[in-house]
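Work through the exercises below with the structure in view. Try each task before reading its solution.

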Amino acid sequence: MDKEIRDVVIIGTGPAGYTSAIYTGRANLKPLVIEGRQPGGQLMITTDIENFPGFPEGIPGPELMGRMREQAARFGVEFQFGSVSEADVSRSPFVLTLDDGEEIVTRTLIIATGANAKWLGIESEETYRGRGVSACATCDGFFFRNCRVFVIGGGDTAMEEALYLTKFASEVVLVHRRDEFRASKIMSLRASKNEKITTMLSEVVDEILGDDMKVTGIRLKNLKTGELTEHACDGVFMAIGHEPNARIFQGQLDMDDYGYILTKGHSTETSVKGVFACGDVQDYTYRQAVTAVGTGCMAAIEAERFLESIR
């Protein structure tokens, strides 16, 4: 193989990817970061982050990601815009093919491609995203103190989001398209016992209403009668699941039933030696910037140790 073989390639530039880049850059491994279609990840569409340590006044998501990128660049990290369309990790060194056809060869690979929240796909949802529409109660619940909010979904994630929001909101309305929730019995029971939570079944979102600045209400459609009803609210939380960005590794790396990459024990090691996964692409449970940073650090250290073991 006459192509240059890199020591480390990192796919993804959210908190996990940038942290991996910082650590491998400081270790003088000269990492290459493939930035993807949305450099910075999901935090680029997050207005204010108030739970990231070190910023008591809060910090906008894009600013935090910009600072992380600058810090990585300080240590000689190379960035390349583009997306990986194909990956061959069946043998080492690994071969990545970008969407423009370029091939990149590497001894270790850190996957930090994240996971995207599933959205309804209606225009008003996009219009008010970050202005009353959210997909993360842990991230944004604080901003809805004494407010009425709607949570869309019927699984455990929806129950967890609704229960968390009761810490702040005055009322939480759970909306589900079926006539019964598909969440586990224990989660459904916890939600039903909470006085702040009410439910609306066999309903779907027809439109999110607002005044061009923020959410003011929601219009629902009853699937049994076709009736449209409008309800005043201050926020709408989507809890219809997440999709990990790991499709190009299907059939090559061990994954769970939802497509999240499985890692071994308390590590970021995947089922293929030399391939590591960090952040939301392997984290179904927490999905927080600070936990992504932690696993990004782990992946970098483990990649460095792996390289030492094969030299």
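**Exercise 1.** Decide whether C297 counts as buried or exposed.

Solution. The model is predicted, and its C297 has a relative accessibility of 17%. Buried means under 20%, so C297 counts as buried.

**Exercise 2.** Find out why C297 and C233 have no bond to the closest cysteine sulfur.

Solution. Start with C297: the closest cysteine sulfur belongs to C278, 10 Å away. A disulfide needs sulfur atoms within 2.5 Å, so this distance is too far for a bond. Next take C233, whose sulfur lies 9.7 Å from the closest cysteine sulfur, that of C147. This is also too far for a bond. C233 is buried, at 4% relative accessible area.

**Exercise 3.** Search the whole structure for disulfides and describe what is found.

Solution. The search gives one disulfide. Its partners are C136 and C139, with 2.2 Å between their sulfur atoms. The angle about the S-S bond is 70°, and the link is right-handed. For accessibility, take each partner in turn: C136 has 16% and counts as buried, whereas C139 has 27% and counts as partly exposed.

**Exercise 4.** Describe the second largest pocket and its lining.

Solution. First, the space: the pocket holds about 230 Å³. Second, the lining: there are 13 residues, and L120, I152, H176, R177 and I240 lie nearest the centre. Third, the elements: strand 12 (171–176) and strand 14 (203–210) each give two or more residues. Strand 14 supplies the largest share, three residues. Last, the classes: six lining residues are nonpolar, three are polar and four are charged.

Key. Residues are numbered from 1 along each chain as its sequence is written. This is a predicted model: local features need pLDDT of at least 70, side-chain atom pairs count only at pLDDT 80 or more; totals for chains, interfaces and linings use all residues. Side-chain values use heavy atoms; hydrogens and water are left out. On a 1 Å grid over the protein atoms alone, a cavity is a set of points where a 1.4 Å probe fits but cannot get out, and a pocket is an open set with protein on both sides within 12 Å along at least five of seven lines; lining residues have an atom within 4 Å of a point. Grid points are joined across faces, edges and corners, and a volume is the space filled by probe spheres set on the points. Helices (H or I, at least four residues) and strands (E, at least two) are DSSP runs, numbered from the N terminus. Ala, Val, Leu, Ile, Met, Phe, Trp, Tyr, Cys and Pro count as nonpolar, Asp, Glu, Lys and Arg as charged, and the others, Gly among them, as polar. Buried means under 20% relative accessible area, exposed over 50%, partly exposed in between (1.4 Å probe, protein chains only).
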